[in-house]
Amino acid sequence: MQSSGHPHDDPAGDVVRWAAFSCLLVPVVLVVYGTSFGGAAVATLGLFVVTAACLVLLRHSERTAARVRAEERLPSAPRRRHSRGGPAGRRSCRTSDSASPHD
């Protein structure tokens, strides 16, 4: 059950629940529209396999993203205080005595 304050705590779980619902709905629709029970069973099996593979990939992606976020929070190697990323490093190549095309 989801918490009332956060409706999207598990978006991957929502996707998997909708996929499972579709796996149950598709064979019913196929049988109603004239497909054999065997054909509907094969389609259902295929949908369940694809859904399971997607679930595995989604969970792996979530674990990887969580690990990357955790590594970003950890203090890394000591950073140098004097880096070249400041304003002095962003000077243009032109000097004051060079003529610009806009002059």
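Trainee: How many aromatic pairs does the structure hold?

Mentor: This is a predicted model, and the structure holds 1 aromatic pair. The ring centres of Trp-18 and Phe-21 are 5.8 Å apart and the planes stand at 90 degrees, so the pair is edge-to-face. The cut-off behind that label is an angle over 60 degrees between planes.

Trainee: Where do Trp-18 and Phe-21 lie?

Mentor: The general idea is about helix geometry. With 3.6 residues a turn in an α-helix, residues three or four places apart point the same way. In this case, both Trp-18 and Phe-21 belong to helix α1, residues 11-32, and they are 3 residues apart, about one turn of the helix.

Trainee: Is Trp-18 buried or exposed?

Mentor: Exposed means over 50% relative accessible area, and buried means under 20%. Trp-18 has 61% relative accessibility, so Trp-18 counts as exposed. Phe-21 has a relative accessible area of 44% and is therefore partly exposed.

Trainee: Which residues form a nonpolar patch on the surface?

Mentor: The patch contains both members of the aromatic pair, Trp-18 and Phe-21, together with Leu-25, Val-28, Val-29, Val-32 and Tyr-33. Together these residues have about 810 Å² of accessible area. Val-28, one of them, lies in helix α1 and is partly exposed at a relative accessible area of 49%.

Trainee: What should helix α2 span, at 1.5 Å a residue?

Mentor: The check is to compare an expected span with the distance between the end C-alpha atoms. Helix α2 covers residues 37-73, which is 37 residues, so a span of 54 Å is expected. The end C-alpha atoms are 53 Å apart, which agrees.

Trainee: Which residues of α2 are buried?

Mentor: They are Ala-40, Thr-44 and Thr-51. What covers them includes α1.

Trainee: What does Thr-51 touch?

Mentor: Start with its place and its accessibility. Thr-51 is in helix α2, and its relative accessible area of 14% makes it buried, because the cut-off is 20%. Leaving out residues up to four places away in sequence, Thr-51 touches Val-16, Ala-19, Ala-20 and Cys-23.

Trainee: Which residues is Thr-44 in contact with?

Mentor: Thr-44 is also found in helix α2, and it is buried at a relative accessible area of 13%. With neighbours within four places in sequence set aside, Thr-44 is in contact with Cys-23 and Pro-27. Cys-23 thus appears in the contact lists of both Thr-51 and Thr-44.

Trainee: How many residues apart in sequence are Glu-62 and Ala-12?

Mentor: Sequence separation and distance in space are read separately. Glu-62 and Ala-12 are 50 residues apart in sequence, while their C-alpha atoms are 8.6 Å apart. Glu-62 has its place in helix α2 and counts as partly exposed at 30% relative accessibility. Beyond its neighbours within four places in sequence, Glu-62 is in contact with Asp-10 and Ala-12.

Trainee: What share of the contacts with a separation of 6 or more comes from residues 24 or more positions apart?

Mentor: That share is 53% for the chain. The chain has 2 helices and 0 strands.

Trainee: What percentage of the chain do buried residues make up?

Mentor: Buried residues make up 9% of the 103 residues. The accessible surface of the chain is about 9,200 Å², and 64% of it belongs to carbon and sulfur atoms.

Technical notes. Residues are numbered from 1 along each chain as its sequence is written. This is a predicted model: local features need pLDDT of at least 70, side-chain atom pairs count only at pLDDT 80 or more; totals for chains, interfaces and linings use all residues. Side-chain values use heavy atoms; hydrogens and water are left out. Rings of Phe, Tyr and Trp (its six-membered ring) pair if their centres lie within 6.5 Å; planes under 30 degrees apart count as stacked, over 60 as edge-to-face and the rest as tilted. Helices (H or I, at least four residues) and strands (E, at least two) are DSSP runs, numbered from the N terminus. Buried means under 20% relative accessible area, exposed over 50%, partly exposed in between (1.4 Å probe, protein chains only). Patches are made of residues with over 30% relative accessible area and no salt bridge: like charges are joined within 9 Å, nonpolar side chains (Val, Leu, Ile, Met, Phe, Trp, Tyr) within 5 Å. Accessible areas come from the Shrake-Rupley method with a 1.4 Å probe; for residues, only the protein chains shown count as cover. A salt bridge is a side-chain nitrogen of Lys or Arg within 4 Å of a carboxyl oxygen of Asp or Glu. The expected span of a helix is 1.5 Å times one less than its number of residues. Contact means heavy atoms within 4.5 Å.
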